[in-house]
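Q: I should like a close look at a single part of this model, followed by an account of its surroundings. Please treat the matter as one connected description.

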Amino acid sequence: MPELPEVETVRRGLQPVMEGAKILDAEARRPDLRFPFQPDFVARLKGQVVTGLGRRAKYLMADLASGDVLLMHLGMSGSFRVIKPDNEAAPGEFHYPKGKDSTHDHVLFRMSSGADIVFNDPRRFGYMKVIARNALEDEPLLRDLGPEPLGNEFDAAMLARSCEGKTTSLKAALLDQRVVAGLGNIYVCEALHRSHLSPRRIAATLATKGRKGVGGGEPTDHAKRLVSAIHTVLNDAIKAGGSSLRDHRQTSGEFGYFQHSFKVYDREGETCKTPGCGGTVKRFTQNGRSTFWCPKCQK
């Protein structure tokens, strides 16, 4: 599942050809993806100017001049491809050639910028929905999302308050989109390693304990280290174009390459990269997902 850095990378790739441009034409080439398209899906898009292209958690959000918002989710294998009139490509070190098989090209936007934007999704777990902006707060897909991990509101104090009293594991808490939005398995593993915190640690240990029900709830040093690590990991991953393990491609067709900077994820049996540690990266299943960590330096 693409996580925040991959979605942000896609947003930045689409922004130059989508933001400020009019959707001259739109095509939904099948009746559904993960969910059925709305009956008026195409009609609400055609002729609309995209006034802004943002991101909320793992969702892309295109603001339209009509007051609607086009909500887009990549699902498991979804990707956007930008086709310009001269069919120019921008291959890089990890470039993945654009295939000519259009079998899974399910949605197309023809933009006044001169670009065609194609959404390809072999597994069809992605989805798109047009929502009135004034109804976003009540949208079931968005209303329970927690703070953005790179937003100004997300700090050690907020994370401590969210985790206070939680008896779940720290990893489970970070994967809860109500606690913090956009984090997934890869970047939680990486952030926990960089902050030297065990994925098995109880989430409540990020907050201080009060006495006789008074006080407490303040961020511990663990919380401060973890928030700093989350910021660093996400920013580094965005600069690297995300992580390409199976399906992620940038809009140019390039691979992201943060996977070459993983310190624990998918490194089972290898030596821990923490200077002076010398431990061995282990893997175990936690909440149905593979957790990678170093038992020696993550406590």
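In what order do the 4 strands of the open sheet that contains β2 follow one another, and is the pairing parallel or antiparallel? Please include what lies against that sheet.

A: The model is a predicted one. The sheet in question is open and has 4 strands, in the order β2-β3-β4-β8, with antiparallel pairing. Its edge strands are β2 (50–56) and β8 (127–132), each of which pairs on one side only. From one strand to the next, the twist averages 20°. At the β8 edge, strand β4 (residues 68–73) and β8 run antiparallel and are joined by 6 bridges. Within this pairing, Leu70 has Val130 of β8 as its bridge partner.

Helix α1 lies across three strands of this sheet, namely β2, β3 (59–64) and β4, and runs at about 175° to β2.

A second sheet also involves α1 and may be described in the same manner. This sheet, too, is open and antiparallel, its 4 strands following the order β1-β6-β7-β5. The edges are occupied by β1 (23–28) and β5 (79–83); each has a single partner strand, so one side of each is left without a neighbour in the sheet. On average, neighbouring strands here are turned by 15° against each other, direction ignored. The pairing of β1 with strand β6 (residues 105–111) is antiparallel and extends over 5 bridges. Ile23 stands opposite Met111 in β6. Helix α1 packs on this sheet as well, where it touches β5, β6 and β7 (116–120), and its direction makes about 35° with that of β5. Helix α1 is thus placed against strands of both sheets: β2, β3 and β4 in one, and β5, β6 and β7 in the other.

Helix α1 also has a helical partner. Two packed helices are described by the angle between their axes and the distance between the axes. For α1 (residues 4–18) and α5 (residues 221–239), the axes come within 9 Å and cross at roughly 40°. That angle makes α1 oblique to α5. The crossing in which α1 passes α5 is right-handed. On the α1 side, the contact is made by Leu4, Pro5, Glu8, Thr9 and Arg12, which meet Leu234, Ala237 and Ile238 in α5. By character, the residues of this contact divide into 5 nonpolar, 1 polar and 2 charged.

Helix α4 brings α1 and α5 into a wider setting. Of the 10 residues of α4 (residues 185–194), 9 are buried, so this helix is largely enclosed by the rest of the structure. The buried residues are Asn185, Ile186, Tyr187, Val188, Cys189, Glu190, Ala191, Leu192 and His193. Their packing partners are α1, α3 (170–175), α5 and β10 (289–293). Just after α4, His196 takes a positive phi of about 60°.

The chain as a whole provides the context for these elements. It comprises 5 helices and 10 strands. Of its 299 residues, 51% are buried. Among contacts in the chain with a separation of 6 or more, 68% are accounted for by residues 24 or more positions apart.

Note on methods:
Residues numbered from 1 in each chain as written. Predicted model: local features only at pLDDT ≥ 70, side-chain atom pairs only at ≥ 80, totals over all residues. Heavy atoms only, no water. Axes fitted to C-alpha atoms, helices over the stretch in contact; angles between N-to-C directions. Helix = DSSP H or I, 4+ residues; strand = E, 2+ residues; numbered from the N terminus. Parallel < 35°, antiparallel > 145°, perpendicular 65-115°, else oblique. Left-handed = near helix turned anticlockwise from the far one by under 90°. Contact = heavy atoms within 4.5 Å. Nonpolar A, V, L, I, M, F, W, Y, C, P; charged D, E, K, R; others polar. Buried < 20%, exposed > 50% of the residue type's maximum accessible area, 1.4 Å probe, protein only. Pairing = 2+ DSSP bridges.
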